[in-house]
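Hello,

Here is the structure I promised to pass on. Have a look at it first, and then read my notes below.

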Amino acid sequence: MADSSGLRIFAVDVGVPQQVVCKIPRSAILSNRTTPFADSLSRSTRSQIPAIALLSLSLLYEFRLGPKSRYWGYLQSLPRRHVEIAPLWGVFAITGEDGQSAAEKVKGTGVEAELRRINKDGHGLEDLRQYHQATQDVFPLTEFSPQPPSYLDVLYVYSLVSSRAFQVDVYHGAALVPLADIFNHQELNNVCFESDDFVCESCGSLPTCEHDEIEGTEPRHADQEGEHESPEMIKIADRLSHLPLEVIRSLFDPSQNTLDLTVKTLYEPGQEVFNTYGEGMSWAKQACEWGFIDVSIEGEGVLGHGLKWEVGDIMNRDKEHHEKIKKAWKSQCKMWTDLTPAPSNASVKNGMEGGGDSLFFTPEEGVSPKDALLINDDAQVAFPLFWAVTSELELAFSKQEMLAIPQALNAAFHKLPDRQGHAGETDDVRAKQSLGGATRKKLREVSGGILRLFENRSARTWQGDASTSFLCDQLDDLSDSGHRLERMALEILVSERRVLEVARAVWQDLRKEFQ
Ligand SMILES: [Zn+2]
């Protein structure tokens, strides 16, 4: 793990890209398929427990067997204490006062949104308590663990699984892989983990098995081809037929039945070697899943895709016309996409897409409007968020206005005092000429609506009316010892508030422009 409490891996040799540095036999994988715990539950109980929680219970089962577990060697390499993931920050028995302070400081931030997602996925604290109650009598009492497991035991294994498990293949699903999880995380990783995911879904076999449709047969070894005495033959499964024959042959060699760690970027002897646990993960998500944040990405990417709003944060569900407003928003988003089909065309059309110089940004293609209610690291507003605000304000736009409104805002944005020189005079004049009084009124309303959104978001967080520099002072004043979680929480809060502060300043000025 990235905090200094766990094991780390250092290079003794130069790592050359493409080189395989570690082969882990598939038989070492710990998953719901390889430990008997899941099978000891009734079908109905098992079906109600999501895979991550079930894997946690399977791990607990193995822990309780002690030296009799076939994973005993691996289990001893795991941290003895709970990993302090954000879902546990409110549990005093685990994270103490530091956790309580941290929990208070992430209110209203992306961490809160992540915790909501975890609850929705069925492995929030309350869910885990229920799984504990439903299964505690199923765990055998062993010489090593003579008492039934406690709720804290369940939280312990959950914290390990949350921070270490990953999707291995269609057979195992989420699983723990000894050795692979000792590498610490860094977004700029040195090694990556490779797993063949075309295994048999019924038994996890990599070579052809009894569940397969057979495509044909081939000699087991290349040099057997053309020999007269009958060569040893292998059956080629349908699911393998996309692979070159020599690769298929290698799968029949048991020593090749491994998960491989391959060098991605060069490293030198003495250097710590990093793997990546996931790319494009926001700090909020990292805190929730891993219990630490990757400070190597500070400044860029700490918000992941950006600061996100939920539909309900923008459009008041209690409003009489809520459904109608939501519908209008969706059709505005669709109309906008039709008006500005490809990013390259849009930039020609509007002279404002992309780059840090615009007020707006277009989210990645294929992201649905409800997942694109975002502002990014540069405080740029995603168009679906913009149209959500205009819809909630029940403003109707003609097609011409749909193009003119963002353009006018962008022109005004470039005219702001600390933005001078970014836009040509002619753009500005042209934009102004095309604006009627009614349009200016709409612009005023929209700017106010967007501004309120940012103000409300800030207000929901800790010390909502304080400046970012005040929060930074708080962070500087915190001593390192005993405040690890509080520091992490403040780092996350500052990263979000910094962006909100910039966004608020811009939209405040814009609203003034159209007074
Ligand atoms: Zn099979």
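A definition to start with: the expected span of a helix is 1.5 Å times one less than its number of residues. Please keep in mind that this is a predicted model.

Helix α2 (residues 51-65) has 15 residues, so the expected span is 21 Å, and its end C-alpha atoms are indeed 21 Å apart, in agreement with that value. Since 13 of those 15 residues are buried, α2 is largely enclosed by the rest of the structure. Right after α2 comes G66, which has a positive phi, near 60°.

Stepping back to the whole chain, I found 18 helices and 14 strands. The C-alpha trace spans about 90 × 65 × 55 Å along its principal axes. Of the 515 residues, 37% count as buried. Among contacts with a separation of 6 or more, 71% are between residues 24 or more positions apart.

Now to the interior. The largest nonpolar core has 108 residues, and the ones that touch the most other members are L59, V157, A287, I375, A382, L385 and I492. Helix α18 (residues 484-513) contributes the most to this core, namely twelve residues. At least three core residues come from each of domain 1 (26-184) and domain 3 (307-513).

If you want a spot to zoom in on, try A287: leaving aside neighbours within four places in sequence, A287 is in contact with A86, V111, I293, M488 and I492. There is also a second, separate core of ten residues, with I234, A237, L240 and L251 among them.

Best wishes

Conventions: Residues are numbered from 1 along each chain as its sequence is written. This is a predicted model: local features need pLDDT of at least 70, side-chain atom pairs count only at pLDDT 80 or more; totals for chains, interfaces and linings use all residues. Helices (H or I, at least four residues) and strands (E, at least two) are DSSP runs, numbered from the N terminus. A residue is buried if 20 or more other C-beta atoms lie within 10 Å of its own, exposed if 12 or fewer, and partly exposed in between; C-beta atoms are placed from the backbone. Two residues are in contact if their C-beta atoms, placed from the backbone, lie within 7 Å. A nonpolar core is a set of buried Ala, Val, Leu, Ile, Met, Phe, Trp, Tyr and Cys residues joined through C-beta atoms within 7 Å. Domain bounds come from an automatic or database domain assignment.
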